[in-house]
Amino acid sequence: MPAEAKVDASSARQEPRPEPRPEPRRDSPPLTQRQEARRRRILHASAQLASRGGFDAVQMREVAESSQVALGTLYRYFPSKIHLLVATMQDQLEHMHGTLRKKPPTGDTAAERVAETLMRAFRALQREPHLADAMVRALTFADRSVSPEVDQVSHQTTAIILDAMGLERPTAEQLSAVRVIGHTWHSALITWLSGRASIAQVKIDIETVCRLIDLTAPEDEKEPRRRGSGRGSSRVRGD
């Protein structure tokens, strides 16, 4: 497991590109089936390389060779290694979301279900510590040019939490709580990767922040629990 999630900025430097390449247009049309298949090969190659050697193991030339695309083509999809690894994290979270939907959380309350969901996602990343470290480092190094990819990671995390809550139309206050929960989950991942938090501490932090869900629930949803007729308390159960 990596000892540190932070590295010197010099370690984030990209290998020289064959020629300057403009960043792709954000209003570009949807990918064709062939282009999507190529993109998926690139993301798979990125994840495989990161799983074996972490952040430094993901070199654009090796990704291109492993995914069987030209280096110039790779740069048209992902202008830098940071773009690629942040997109890889979004892809990994999307895959986790699909897995979680097949086996939904079983907690009685929304807070319990979200805590269970986020700990399952955390443990999935725990099984691939080099990959998790590479993706988190990319998020740390990401500048404004990577904002669309970072936003996708945030949106995917939000979707996972809302699914666990069982909400289709959350209030503004609930969305604020979801954002705080997402921030805490990502922060917990960083502190664990850097060796500054144990799994037990991560679990406590996640359970604690998930109590915001009960605090921000509309009054008509809180009332049953006040009368003692709810299915469970607001306290998150342990495993």
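K203 and E207 sit 4 residues apart in helix α9 (residues 199-210), a separation of about one helical turn, and in this predicted model their side chains meet in a salt bridge with an N to O distance of 2.4 Å. Both partners are buried, K203 at 15% relative accessibility and E207 with a relative accessible area of 12%. This pair belongs to a structure that holds 6 salt bridges, and the points below set it beside other charged pairs, a helix with many buried positions, a nonpolar core, two buried hydroxyl residues and an aromatic pair.

**Salt bridges**

- Within helix α1 (residues 33-53), E36 and R40 are likewise placed 4 residues apart, about one turn of the helix, and they form a salt bridge in which the closest N and O atoms are 4.0 Å apart.
- Neither side of the α1 pair is classed as buried, because E36 has a relative accessible area of 30% and is partly exposed, while R40, at 40% relative accessibility, also counts as partly exposed.
- The α1 residues belong to a wider arrangement, in that E36, R40 and D91 are linked in a network of salt bridges.
- A further salt bridge joins the side chains of R101 and D163, with 2.9 Å from N to O; since R101 lies in helix α4 (residues 81-102) and D163 in helix α7 (residues 147-165), the pair ties together parts that are 62 residues apart in sequence.
- The two ends of this inter-helix bridge fall into separate accessibility classes, R101 being exposed with a relative accessible area of 54% and D163 partly exposed at 41% relative accessibility.

**Helix α6 and its surroundings**

- Helix α6 (residues 129-141) contains 13 residues and spans 18 Å from its first C-alpha to its last, which is close to the 18 Å expected at 1.5 Å a residue.
- The buried residues of α6 are P129, L131, A132, D133, A134, M135, V136, R137 and A138, a list that includes the charged residue types D133 and R137.
- The elements that cover these buried positions include α1, α4, α5 (110-126) and α8 (172-193).

**Nonpolar core**

- The largest nonpolar core has 61 residues, and among its members L74 and V114 touch the most other members.
- Setting aside residues up to four places away in sequence, L74 is in touch with I42, M60, V63, A64 and V69.

**Buried hydroxyl residues**

- S67 is found in helix α2 (residues 60-67) and, with a relative accessible area of 2%, is classed as buried.
- Although S67 and R41 are 26 residues apart along the chain, their C-alpha atoms are separated by 5.2 Å, and when neighbours within four places in sequence are left aside, S67 is in contact with R41, I42 and A45.
- The side chain of S67 also reaches the backbone oxygen of V63, at a distance of 2.7 Å.
- I42 therefore appears in two of these contact lists, that of L74 and that of S67, the cut-off for contact being heavy atoms within 4.5 Å.
- T157 is found in helix α7, the helix that also holds D163, and T157 counts as buried at 4% relative accessibility.
- Beyond residues up to four places away in sequence, T157 touches L93, G182, W185 and H186.

**Aromatic pairs**

- A search of the whole structure finds 2 aromatic pairs, and one of them is formed by F122 and W192, whose rings are edge-to-face, 5.3 Å centre to centre with 70° between the planes.
- This pair links distant parts of the chain, with F122 in helix α5 and W192 in helix α8, 70 residues apart.
- Both residues of the pair are buried, F122 at 1% relative accessibility and W192 at 6% relative accessibility.
- The helices that carry F122 and W192, α5 and α8, are also among the elements that cover the buried residues of α6.

Key: Residues numbered from 1 in each chain as written. Predicted model: local features only at pLDDT ≥ 70, side-chain atom pairs only at ≥ 80, totals over all residues. Heavy atoms only, no water. Helix = DSSP H or I, 4+ residues; strand = E, 2+ residues; numbered from the N terminus. Buried < 20%, exposed > 50% of the residue type's maximum accessible area, 1.4 Å probe, protein only. Expected span 1.5 Å × (residues − 1). Core = buried A, V, L, I, M, F, W, Y, C linked by side-chain atoms within 4.5 Å. Polar contact = N/O pair within 3.5 Å; in protein donor to acceptor, adjacent residues only side chain to side chain. Phe/Tyr/Trp six-rings, centres within 6.5 Å; stacked < 30°, edge-to-face > 60°.
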